[in-house]
Amino acid sequence: MSEILINRAAYLHNLTQISNKVGSKDRIIVILKDNAYGHGALQIAKLASEFGIKFACVRTMSEAQEIAEFFKNILILSHIPTGDEDLRFIYTINDISNLSVLKSGCKVHLGIDTLMHRNGLSEDELESAFEIANQRNIEICGAFTHFRSSDEASAEYFVQRENFAKAKAKIKALSAKFGLNLTFHSNNSAGIERATDFDDEFVRAGIAQHGYEQFNSSLSLKPVMSLWADIVSKRVLKAGQSVGYGAKFTAKEDIQIATYDLGYGDGLLRYAGIGELKLANSNLLLGKMSMDSFSTKYAGDRVCVFDDARVWAEFFGTISYDVLVKLSPIIKRTIV
């Protein structure tokens with residue numbers, strides 16, 4: 001059956017590169033949302049924990065519960081408050097109204113809107129947020145922002161850093177007033193590559209931990225995942241014969257082809273038989289991809305579909321995230 005292989009050495013290399021730049025592995029928050037960007041939350045959590053990472057970040061409470069055994073702290077980014085929160089975790093305040101619904105006793109990090117205008121509190125809402133949290137026995141233990149353009153060579157990254165610095169100053173004053181000690185984080189993967197100094201306690205390593213640069217190649221990262229497919233059948237496609245739906249590929253001469261057990265039903269972006277999409281061995285996909293399979297020139301009983309998601313991302317005009325996170329969670333993931 002198809003399989004995703006997770007390269008342990010490459011993953012640990014990437015974490016080492018990041019920790020060397022930021023000064024310590026203790027400053028790294030690994031982002032494991034959406035099944036660790038398709039790599040497998042449990043597999044990546046295990047490797048990160050073995051490396052010595054103590055802080056992770058996910059999208060939902062169910063994701064946090066899945067990896068709870070591996071980390072001292074887990075921040076949940078997109079939880080919608082219910083009043084029935086698991087008090088083991090830290091919850092993001094994306095809107096000031098969250099503070100009125102969360103279960104008493106929760107720990108939270110304040111999301112700060114510094115330019116992205118998607119989630120988070122404005123500077124004008126900070127004092128009210130501290131007051132509500134104090135009244136409802138909710139512990140504010142951190143604050144962060146998210147850069148909207150850290151992967152682009154524009155001034156917006158620096159504008160947001162300055163905006164966050166102003167917000168931090170106000171938060172620190174409020175923390176002193178309420179007797180709290182907060183930690184801060186702002187740099188994401190591109191920010192880690194781009195920054196020359198780190199004045200927050202933490203950075204957030206997302207796609208960088210998996211080997212994909214976002215701003216430059218200064219960290220010398222290595223892709224961690226390779227995707228493999230196993231043979232279903234093989235045959236000689238005779239000259240003039242076509243393979244697959246719509247007869248999008250017709251052989252000009254007799255060739256031996258094979259069908260392998262991955263398709264768009266497994267989360268692959270659907271190849272429509274137009275243009276040249278290459279496997280890791282440089283062989284072309286032949287004809288339209290099916291729901292559960294694709295065809296190509298025979299290359300053995302198992303083929304590597306890709307070992308660098310950027311190849312497929314470039315073909316489909318998208319980003320590596322899009323290729324990776326769509327991969328079905330039922331595909332077996334193995335650390336090698």
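What share of the contacts in the protein between residues at least 6 apart in sequence join residues at least 24 apart? In this structure, which is a predicted model, the share comes to 63%.

**Overall build**

The protein contains 9 helices and 16 strands, and its C-alpha atoms fill a box of roughly 80 × 40 × 35 Å when the box is taken along the principal axes. Of the 336 residues in the protein, 50% are buried. The accessible surface of the protein amounts to about 15000 Å², and carbon and sulfur atoms account for 49% of that surface. As for charge, the protein carries 38 positive and 40 negative charges, and the mean positions of these two sets lie 4 Å apart.

**Backbone at two non-glycine residues**

Two residues deserve a separate look for their backbone angles. Asn35 is not a glycine, yet it has a positive phi of about 60°; Asn35 belongs to helix H2, which covers residues 33-37. Ala247, which is likewise not a glycine, has a positive phi of about 50°, and Ala247 is placed in the loop that runs between strand E11 (242-243) and strand E12 (249-250). With regard to solvent, Asn35 counts as partly exposed because its relative accessibility is 23%, and Ala247 is also classed as partly exposed, since its relative accessible area is 42%.

**Cysteines**

With a disulfide taken as a pair of cysteine sulfur atoms within 2.5 Å, the count for this model comes to 0 disulfides. Cys141 illustrates this, for the cysteine sulfur nearest to that of Cys141 belongs to Cys106 and is 10 Å away, so Cys141 fails the 2.5 Å criterion and is in no disulfide. Cys141 is also buried, because its relative accessible area of 14% is under the 20% limit used for that class. Cys304 is buried on the same ground, with a relative accessible area of 10%.

**Accessibility of the residues discussed**

The table below brings together the residues whose accessibility was given above.

| Residue | Relative accessible area | Class |
|---|---|---|
| Asn35 | 23% | partly exposed |
| Ala247 | 42% | partly exposed |
| Cys141 | 14% | buried |
| Cys304 | 10% | buried |

Taken together, Asn35 in helix H2 and Ala247 in the loop between strands E11 and E12 are examples of partly exposed residues, whereas Cys141 and Cys304 are examples of buried ones.

Terms used. Residues numbered from 1 in each chain as written. Predicted model: local features only at pLDDT ≥ 70, side-chain atom pairs only at ≥ 80, totals over all residues. Heavy atoms only, no water. Helix = DSSP H or I, 4+ residues; strand = E, 2+ residues; numbered from the N terminus. Buried < 20%, exposed > 50% of the residue type's maximum accessible area, 1.4 Å probe, protein only. Contact = heavy atoms within 4.5 Å. Areas by Shrake-Rupley, 256 points an atom, 1.4 Å probe, with all protein chains shown as cover. Lys, Arg positive; Asp, Glu negative; His and termini not counted. Charge placed at Lys NZ, Arg CZ, Asp CG, Glu CD.
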